[in-house]
Amino acid sequence: VLPKASGQQLPLTSVNLEAARLRVLRVNDRNLLQQIENRRITNLLDGYDLKTIANRSGEQIWEGTLTLAGGERNQDVTTAVPISEILRDPQPGIYIVAAEPTTEDPDSYDNRATQWLVVSDLGLFTMRGNDGLHVFVRSLATAQPRSGVELRLYARNNGELGKATTDSK
């Protein structure tokens with residue numbers, strides 16, 4: 001989860017590369033369950049996976065080339081990917097950032113460096129007790145409780161189990 005504040009960056013570690021091709025895809029929240037069921041959300045994606053997601057359950061919202069930080073040969077180099085510049089107005093959903101060498105075929109079956117992320121100002125904390133499930137929502141920017149946030153609890157089959165609105169406590 002990246003806070004919805006300005007200046008968000010995602011680290012990209014590379015070895016012996018001058019540039020990388022980046023692709024950013026967005027999967028809307030209604031298609032998220034499908035990605036979880038297909039076990040994509042916990043695995044690296046290849047070119048075919050990215051193309052399938054872009055065509056069927058999401059959309060590619062950005063593609064470009066990132067010049068990587070220079071460094072010594074055969075050593076890890078970390079470059080900051082400026083996510084806040086790429087996602088100027090993030091929409092609800094989950095984002096996929098995929099990186100590959102610029103020499104790689106975009107549709108190949110080789111795995112890509114893949115990072116799934118959510119951009120939000122809401123931090124959720126849950127506790128299960130004898131009296132049920134307790135959910136706390138706080139601002140990631142200020143750590144203050146957020147009131148008036150509507151929460152919904154869904155079952156594995158995507159059926160809604162319940163909903164509630166947060167208060168100020």
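Which strand does threonine 79 lie in? Threonine 79 lies in β5, and we'll come back to its neighbours below.

First, some ground rules. This is a predicted model, so local features are kept only at pLDDT of at least 70 and side-chain atom pairs only at pLDDT 80 or more, while totals for chains, interfaces and linings use all residues. Residues are numbered from 1 along each chain as its sequence is written, and side-chain values use heavy atoms, with hydrogens and water left out.

**The overall picture**

The chain comes to 3 helices and 12 strands. Helices (H or I, at least four residues) and strands (E, at least two) are DSSP runs, numbered from the N terminus. Along the principal axes, the C-alpha atoms fill a box of roughly 55 × 35 × 30 Å. The accessible surface is about 11,000 Å², with 46% of that belonging to carbon and sulfur atoms; such areas come from the Shrake-Rupley method with a 1.4 Å probe, and for residues only the protein chains shown count as cover.

Of the 169 residues, 32% count as buried. Buried means under 20% relative accessible area, exposed over 50%, and partly exposed in between (1.4 Å probe, protein chains only). Among contacts (heavy atoms within 4.5 Å) between residues at least 6 apart in sequence, 62% join residues at least 24 apart.

**Inside: threonine 79 and the cores**

Back to threonine 79: it counts as buried because its relative accessibility is 7%. Leaving aside residues up to four places away in sequence, threonine 79 touches Leu10, Pro11, Leu12, Leu66, Thr67, Leu68 and Ala69. With Ala69 there is also a polar link: a polar atom of the threonine 79 side chain lies 2.9 Å from the backbone nitrogen of alanine 69. A polar contact here is a pair of N or O atoms within 3.5 Å; within protein, one must be able to donate a hydrogen and the other to accept it, and residues adjacent in sequence count only if both atoms are side-chain atoms.

Leu12 turns up again in the largest nonpolar core, which has 17 residues; Leu12, Val81, Ile83, Leu87 and Leu117 have the most contacts inside it. A nonpolar core is a set of buried Ala, Val, Leu, Ile, Met, Phe, Trp, Tyr and Cys residues joined through side-chain atoms within 4.5 Å. At least two residues of this core come from each of β2, β3, α3 (83-86) and β6 (94-101). A second, separate core of 9 residues includes Leu50, Ile53, Ile94 and Ala98. Leucine 117 touches Leu2, Leu10, Ile94, Tyr95 and Val97, again not counting residues up to four places away in sequence.

Helix α2 (residues 47-57) has Gly47, Asp49, Leu50, Thr52, Ile53 and Ser57 as its buried residues. At the start of α2, a side-chain oxygen of aspartate 46 reaches to within 3.0 Å of the backbone nitrogen of tyrosine 48.

**Salt bridges**

The whole structure has 9 salt bridges, each one a side-chain nitrogen of Lys or Arg within 4 Å of a carboxyl oxygen of Asp or Glu. Here are some of them:

| Pair | Closest N to O distance |
|---|---|
| Aspartate 107 and lysine 51 | 3.9 Å |
| Glutamate 150 and arginine 152 | 2.9 Å |
| Glutamate 160 and arginine 152 | 2.8 Å |

Salt bridges that share partners also join Arg21, Arg23, Glu63, Glu100 and Arg112 into one network. As for the pair of aspartate 107 and lysine 51, the two are 56 residues apart, with aspartate 107 in the loop between β6 and β7 (113-117) and lysine 51 in helix α2. Aspartate 107 is partly exposed, at 40% relative accessible area, and lysine 51 is partly exposed at 44%. Arginine 152 is partly exposed too, at 39%.

**Out on the surface**

Leu124, Leu133, Val135, Leu153 and Leu161 make up a nonpolar surface patch with about 480 Å² of accessible area together. Patches are made of residues with over 30% relative accessible area and no salt bridge: like charges are joined within 9 Å, nonpolar side chains (Val, Leu, Ile, Met, Phe, Trp, Tyr) within 5 Å. Leucine 133 sits in strand β10 (residues 132-139) and counts as partly exposed because its relative accessibility is 48%.

Finally, two asparagines have backbone angles to look at. Most residues other than glycine have a negative phi. Asparagine 16, in the loop between β2 (10-14) and β3 (19-27), has a positive phi near 60 degrees. Asparagine 74, in the loop between β4 (58-67) and β5 (77-81), also has a positive phi, of about 60 degrees. Asparagine 16 is partly exposed at 34% relative accessibility, whereas asparagine 74 counts as exposed at 54%.
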